[in-house]
Amino acid sequence: MPEPALRDPAWRGRLFWALASLALLWPTLVLTEFKPWILLEPDALKPAWNFISAFFPPRSDPEFLLLLARETWRTVAMATAGMSLALLLALPLSLLSVRVLSLSALTGRMALLPAILRQLVRWTLMVLRSVPELVWALVFVRVVGLGPTSGVLAIALTYGGMLGKVYADILESSDAHASSSLMRNGAGRLQTFFYALLPQNAAELTSYTVYRWECAIRSSAVLGFVGAGGLGQLMDSSMKMFNGAEVASILLVFMALVWLADRISAALRKILA
Amino acid sequence: QAVFKVTAIPDESPTELARKAAPLVKYLEKTLGMKVEFTPVTDYAASVEALANKQVDLAWYGGFTFVQASVRSGGKVIPLVQREEDAKFRSVFITSDPAIKTLADLKGKNVSFGSQSSTSGHLMPRSFLLQANIDPDKDFKRVAYSGAHDATIAAVVAGKVDAGALNISVWEKFVADGKVDTNKVRVFYTTPGFYDYNWTVHADMPAAQREKLTKAFLSLDRASPEGKEILELQRATRFIPTKAENYKGIEQAAHSAGLLK
Amino acid sequence: MKLDLRAVSGRHPAAKPDAAPALRELSLSLRSGEQLAIIGPSGAGKTTLLHLMACALQPSQGSLQLDDSDPWQLSRSALQKLRGQLFLAPQVPPLPPRQRVVTAVLAGRLPHENIWASLRSLFYPQDIPRAERALASFDLSDKLFERVDRLSGGERQRVGLARALLSEATLLLVDEPLSALDPQRGEQAIVALTAAASARTATLVASLHHVEMALTHFPRIVGLRDGALFFDLPAAEVSPQILQALYAQKLHELSGPALPTDEQFPGAPVPVVMLCR
Amino acid sequence: MKLDLRAVSGRHPAAKPDAAPALRELSLSLRSGEQLAIIGPSGAGKTTLLHLMACALQPSQGSLQLDDSDPWQLSRSALQKLRGQLFLAPQVPPLPPRQRVVTAVLAGRLPHENIWASLRSLFYPQDIPRAERALASFDLSDKLFERVDRLSGGERQRVGLARALLSEATLLLVDEPLSALDPQRGEQAIVALTAAASARTATLVASLHHVEMALTHFPRIVGLRDGALFFDLPAAEVSPQILQALYAQKLHELSGPALPTDEQFPGAPVPVVMLCR
Amino acid sequence: MQAPQPPPTKQASTPATTQLPPKLFNARCLSCWLVLGVALLVLASFTTLNLQWAQFFSWDAISRMGRFVGELMHPESSSAFLHKLALATLETLAMSALGTFIALILGVLLALPASKAHAQDPARWRGPARLLLNALRSTPELVWATLLLIAAGLGPFAGTLALGLHTAGVLGRLFAEAIENAPPEPGFALRLRGISETRIFLYASLPQVLPQLLSYTLYRWENNIRAAAVLGVVGAGGLGQMLAFHMGLFQMGETSSVLLAMMLLVALVDALSYLIRSALSR
Ligand SMILES: Nc1ncnc2c1ncn2[C@@H]1O[C@H](COP(=O)(O)OP(=O)(O)OP(=O)(O)O)[C@@H](O)[C@H]1O
Ligand SMILES: Nc1ncnc2c1ncn2[C@@H]1O[C@H](COP(=O)(O)OP(=O)(O)OP(=O)(O)O)[C@@H](O)[C@H]1O
Ligand SMILES: [Mg+2]
Ligand SMILES: [Mg+2]
């Protein structure tokens with residue numbers, strides 16, 4: 001066996017990318033003034049410690065707890081409503097945009113027209129998710145006024161964009177064997193989705209959806225912007241006031257909700273497994 | 001059944017706003033004879049958009065927000081009343097740094113304003129800084145926007161920023177309530193007076209209702225227990241009528257500070 | 001279905017640009033209802049050829065005719081309709097984990113039913129007896145409601161084959177249907193497949209490593225080697241010599257003995273005769 | 001490595017509670033360096049038995065002894081160490097997509113090197129010549145830097161086997177190593193495996209569907225059927241009758257003809273003569 | 001040779017419809033219950049929120065929204081502003097990139113102990129690791145930012161670290177589940193040989209989940225570009241602060257330029273993700 005055949009042909013590419021990423025890392029460190037050691041200086045630690053020590057005990061008078069409970073439900077309800085609408089938007093768009101469900105791409109190259117359609121859908125998703133919720137909220141405030149409606153819609157649009165993209169990515173990075181085999185035998189796209197892609201990716205899709213729901217709960221600060229209330233707004237104002245005790249209570253609620261979402265996700269995946 | 005919708009700019013935290021508004025809402029329900037709903041928001045722009053598009057009927061605005069609403073709606077908003085204090089409103093600059101004594105000492109420091117849309121928390125302090133030949137965008141190390149007056153105090157107390165600019169009445173209330181340690185945090189500059197807050201309605205409101213509303217505000221009196229409670233919460237001696245011309249000065253300041261085009 | 005390949009070359013889209021095409025200038029024609037076995041060493045291009053026939057891979061050169069029309073000239077919807085007439089059972093059974101056997105088998109009927117029927121089938125499998133019958137011909141009816149990822153290797157393979165019986169395709173392409181089966185079940189499987197193909201006069205093409213099975217059950221045998229047609233003969237004319245030449249190792253031809261296997265084939269004459277008919 | 005199974009039963013953790021165990025009360029013992037082939041119909045429990053031997057499945061009953069110690073009594077670290085001595089090549093080659101052949105083959109050495117060496121190998125494969133030699137004994141050295149998901153079925157299987165040659169295991173368990181290989185490469189593969197096992201006196205257990213290969217290359221044959229030991233005989237004593245009984249179909253024994261296959265075997269004896277090669 | 005087996009209880013002739021095993025039916029019902037629960041939650045959410053859809057169905061409503069969008073169609077492009085915008089864009093890019101990078105490393109490190117890679121895995125560190133991940137991600141970026149701002153002062157560093165910490169929690173969780181959801185066979189083969197989990201991850205799980213990991217990471221990067229908008233409020237600068245500033249002042253020209261810059265960044269990351277994906281499948 002001649003010697004050169006035993007040299008790894010991928011080696012150069014690897015070296016190049018390793019060096020290139022190092023070269024890119026340097027300016028980022030400079031631009032972000034990345035100096036972690038200043039966190040360890042005593043006069044940096046003390047105020048932070050003061051703030052954190054105000055976390056204990058968390059605020060727990062009945063009045064606040066009642067408020068907390070009401071806002072928690074509001075938040076959960078808005079997140080759920082926003083997510084349901086987002087799903088309505090994301091599912092068809094992601095199915096339209098995935099390559100594995102493309103009939104013409106079965107043989108490698110996608111036909112022109114579907115390729116353009118897919119690209120358009122991808123761009124739509126991108127615009128939907130790259131415009132911050134606040135901007136959407138302000139658009140809707142003009143029509144439905146202050147209150148949960150505009151907040152829910154804002155969440156629905158941005159999250160629709162995100163879910164659509166991530167669903168498409170998940171479907172695309174899975175093994176295409178089962179689905180392409182069905183389509184090659186003449187099954188339709190939706191049929192293929194239900195008979196090959198869904199059983200394969202159900203777990204991953206669920207775990208992402210539940211995670212996003214949990215995100216919607218957490219990021220409900222945007223809802224406060226337009227007067228829809230919610231935990232996010234409460235957190236926002238307590239945080240601005242450096243009210244440690246309140247922050248701690250709200251954080252505990254967040255953690256409980258996140259824990260709950262985790263359990264739900266695990267249970268769902270167990271059922272699917 | 002029609003609902004009379006009220007909102008306010010979030011110059012304080014929404015819980016505080018809701019607390020302040022509760023007795024006023026009850027009072028308006030009685031005098032207007034219809035259901036009144038107060039919605040606190042946390043974004044200045046949202047309250048402006050809502051009134052300019054007739055999604056709320058009445059809004060509590062700062063001078064600058066009023067000017068913005070007027071511009072956004074093509075002049076279709078009308079200021080009804082303001083507090084007596086609002087005719088000569090002032091802002092304060094506070095600090096916890098003993099080295100800062102004048103506005104000029106702020107150069108190279110971290111300074112926090114309130115919200116970018118606030119009159120007394122941003123526009124006027126900025127305008128007076130510019131008059132003193134200090135350009136916040138160039139001369140300060142960093143400019144932060146805390147979002148609300150009380151948050152600015154908190155940021156200065158926590159040492160997050162070296163100095164902050166805010167509304168004098170919030171500062172005085174904090175001092176009166178003992179919520180801030182005046183030995184550590186002190187005022188080092190107070191601005192001259194300017195026109196600020198008012199209650200604004202949109203121009204399409206029937207004149208009769210506007211009249212009724214104005215009268216309801218003007219007849220609030222510290223003598224009655226109800227009036228006392230409302231006025232105290234609003235931090236007002238009494239309400240007086242106002243007109244759009246009062247806010248020309250603010251508009252000019254906004255133009256010269258580059259906040260309005 | 002009739003099938004006609006003229007000087008077809010095929011290359012995998014992901015293959016390196018400098019690599020030789022997996023299939024080179026291959027010509028082959030099949031009558032409707034004919035049954036053909038493809039044999040050849042590993043890596044010869046059997047799977048690639050089946051993919052070409054299944055319209056899963058576009059020929060890089062040459063032309064492919066299915067029932068006298070070129071599928072790659074068809075409109076997309078016509079092509080998809082044509083695909084309902086083709087059935088390819090891949091070498092590795094394409095079973096998504098967690099699916100149940102009955103669903104996996106019924107998936108063979110997808111091209112022939114509408115979307116609502118297939119959705120309903122997901123909730124409650126329609127036509128269970130049919131799936132059961134198909135599985136029974138592979139001696140597997142007791143696993144009807146098992147999950148496919150809880151089956152043994154041979155059982156999975158048979159599930160993949162049972163799917164073929166459910167489809168109404170007129171061109172059946174099966175890639176190494178017997179690889180994971182014991183002799184008896186392999187025999188049974190091949191009999192079930194050929195019988196099913198004859199019953200509906202479907203054309204059957206199977207790639208096989210099992211030479212005896214191929215010779216016993218298929219009237220016509222094609223040998224592939226290094227991407228080219230090595231021979232195309234009636235089963236009776238395939239001699240041990242030609243088989244030996246077909247499977248002979250590359251290294252063996254080039255360099256001297258270095259392999260432990262070499263003494264197993266003394267005097268290998270290796271006549272690379274292309275007995276195309 | 002010595003191996004001793006005493007009345008071992010095995011059941012899959014995911015199997016239904018009312019299902020019969022996949023392996024029932026099986027006793028078997030193997031000397032160090034012995035070479036054994038397991039044959040039996042699909043679903044008989046061959047894979048399960050290999051998993052039991054590889055300590056991949058804990059026996060539900062009975063005891064398993066590897067070199068006179070029960071692996072399931074060992075401490076975790078001792079078990080881990082013991083596992084470095086075992087090698088199981090699963091029925092389906094366990095190759096993650098996108099990995100390259102050289103990395104997949106070198107993964108066979110992981111138990112014998114430390115974490116840094118394996119990290120470095122990811123960046124630049126160490127010991128490429130060794131991987132190349134292992135691949136060469138399966139006639140595959142030209143695919144060294146190919147991605148495993150761009151290989152043909154038989155090539156993938158050979159990559160999985162090449163891994164075995166790199167490991168220093170003393171118990172080699174290979175599950176149907178020949179399923180996707182043509183007769184020639186199959187022969188070569190089995191010779192390479194038996195030779196490698198003899199060279200380091202490793203015990204070799206292979207499950208096979210290819211009866212002739214088993215009879216030719218292995219001195220001892222074990223027949224499994226329905227999870228139980230059917231026979232355990234030297235290769236020379238395995239008769240066609242016994243093979244026929246081993247592979248006979250359940251349905252066939254019980255009920256009358258109902259299968260399309262039945263008319264194909266008129267006088268049912270069907271001597272299972274496998275004229276390999 | 002062999003004692004005749006007791007005939008398996010199997011009747012090939014009876015219609016198989018009766019064979020539906022009861023246990024499966026149970027499992028089905030469990031998921032039915034779950035579906036029912038979710039449906040109820042959705043229903044309750046929509047009813048308690050009292051959303052107002054009716055107002056959307058008027059021409060006036062559409063035109064009002066249209067006007068707002070129309071205002072955004074005239075981006076500001078004076079050179080002084082563009083210069084400021086470019087600086088802010090760079091700052092946001094750097095903050096989000098470094099934050100995501102920190103999160104990627106922390107996330108992978110935490111996802112390994114937090115995932116139960118196979119059925120027999122004792123996963124002793126799973127509890128604590130999950131707890132840590134939950135704590136990291138249930139604390140919003142804003143809270144992290146405030147905490148760190150107190151310690152590190154105003155500036156991008158605190159924002160970067162805040163993004164990093166929160167995102168580490170998110171990515172760790174997503175990675176852990178992606179690892180758990182991956183097909184187990186390659187890992188199984190190595191695990192049998194007594195290889196440690198880290199190396200199993202490198203040699204078996206990583207090649208399988210790599211596209212998933214990359215797409216989650218790049219997608220979180222996108223998210224962080226927008227999350228920097230939240231951080232702008234606490235003085236961490238960048239595009240977020242600019243957006244809040246100009247939007248609050250209704251300077252629609254500037255706002256739309258900022259939005260365009262954000263979209264550009266997101267499109268950049270999206271394109272990067274596309275490129276990496278196609279490189280992986282090449
Ligand atoms: N993961 C699993 N869970 C439950 N049951 C299983 C699982 N894997 C296999 N079985 C069942 O256990 C029995 C024995 O399976 P095993 O895989 O050992 O068969 P095998 O002899 O290897 O067959 P083949 O030749 O088809 O590979 C079969 O009935 C099979 O259905
Ligand atoms: N997806 C792919 N991308 C690139 N090259 C491939 C791909 N699949 C197979 N090849 C290469 O093409 C050639 C023919 O492969 P093919 O799968 O047709 O062989 P085969 O005859 O089916 O072999 P086996 O009997 O091993 O299944 C081989 O050299 C193989 O390495
Ligand atoms: Mg093949
Ligand atoms: Mg097996």
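**Chain interfaces and magnesium sites**

In the predicted model, 77 residues of chain A are in contact with 76 residues of chain E. There are 8 pairs of chains in contact, and among these the pair formed by chains A and E shares the most contacts. About 6800 Å² is buried between chain A and chain E, and 69% of this area comes from carbon and sulfur atoms.

Charged and polar groups also take part in the contact between chains A and E. The interface of chain A and chain E holds 10 salt bridges. One of the salt bridges links the side chains of Arg269(A) and Glu177(E), with an N to O distance of 3.4 Å. In addition, 25 residue pairs are found in polar contact across the interface of chain A and chain E, both residues of each pair having a pLDDT of 80 or more. Sorted by class, the residues of chain A that touch chain E comprise 51 nonpolar, 9 polar and 17 charged residues.

Chain A also touches chain D. This contact draws 10 residues from chain A and 11 residues from chain D. The area buried between chain A and chain D is about 940 Å², with carbon and sulfur atoms giving 62% of it. On the side of chain A, 54% of the area buried against chain D is supplied by Leu6(A), Asp8(A) and Arg14(A), which is more than any other three residues supply.

Between chain A and chain D, 1 salt bridge is counted. The salt bridge joins the side chains of Asp8(A) and Arg100(D), at 2.6 Å from N to O. Asp8(A) is thus named both in this salt bridge and among the three residues that supply 54% of the area buried by chain A against chain D. Polar contacts across the interface of chain A and chain D amount to 4 residue pairs, with both residues at pLDDT 80 or more. The side of chain A that touches chain D has 7 nonpolar and 3 charged residues, and no polar ones.

Some chains lie apart. Chain B does not touch chain C, and the nearest C-alpha atoms of these two chains are 45 Å apart. Chain B and chain D likewise do not touch, with 44 Å between their nearest C-alpha atoms.

Magnesium sites were examined in chains C and D. The magnesium ion listed as ligand 3 has Thr47(C), through OG1, and Gln91(C), through OE1, as its protein donors, at 1.8 to 2.3 Å. Thr47(C) belongs to helix α1 (residues 46–53) of chain C, whereas Gln91(C) sits in the loop between β5 (86–89) and α3 (101–106) of chain C, so the pair ties together parts that are 44 residues apart in sequence. Thr47(C) has a relative accessible area of 24% and is partly exposed. Gln91(C) counts as buried, because its relative accessibility of 15% falls under the 20% limit.

For the magnesium ion listed as ligand 4, the protein donors are OG1 of Thr47(D) and OE1 of Gln91(D), lying 1.9 to 2.3 Å from the ion. In chain D, Thr47(D) is placed in helix α1 (residues 46–53) and Gln91(D) in the loop between β5 (86–89) and α3 (101–106), so this pair also ties together parts 44 residues apart in sequence. Thr47(D) is partly exposed, at a relative accessible area of 24%, while Gln91(D) is buried, at 14% relative accessibility.

Definitions and conventions
Residues are numbered from 1 along each chain as its sequence is written. Chains are lettered from A and ligands numbered from 1 in the order in which they are written. This is a predicted model: local features need pLDDT of at least 70, side-chain atom pairs count only at pLDDT 80 or more; totals for chains, interfaces and linings use all residues. Side-chain values use heavy atoms; hydrogens and water are left out. Contact means heavy atoms within 4.5 Å. Buried area is the accessible area (1.4 Å probe) that two parts lose on being put together, summed over both. A salt bridge is a side-chain nitrogen of Lys or Arg within 4 Å of a carboxyl oxygen of Asp or Glu. A polar contact is a pair of N or O atoms within 3.5 Å; within protein, one must be able to donate a hydrogen and the other to accept it, and residues adjacent in sequence count only if both atoms are side-chain atoms. Ala, Val, Leu, Ile, Met, Phe, Trp, Tyr, Cys and Pro count as nonpolar, Asp, Glu, Lys and Arg as charged, and the others, Gly among them, as polar. Donors are N, O and S atoms within 2.8 Å of the metal (3.2 Å for Na, K and Ca); water is not among the atoms, so sites may look incomplete. Helices (H or I, at least four residues) and strands (E, at least two) are DSSP runs, numbered from the N terminus. Buried means under 20% relative accessible area, exposed over 50%, partly exposed in between (1.4 Å probe, protein chains only).
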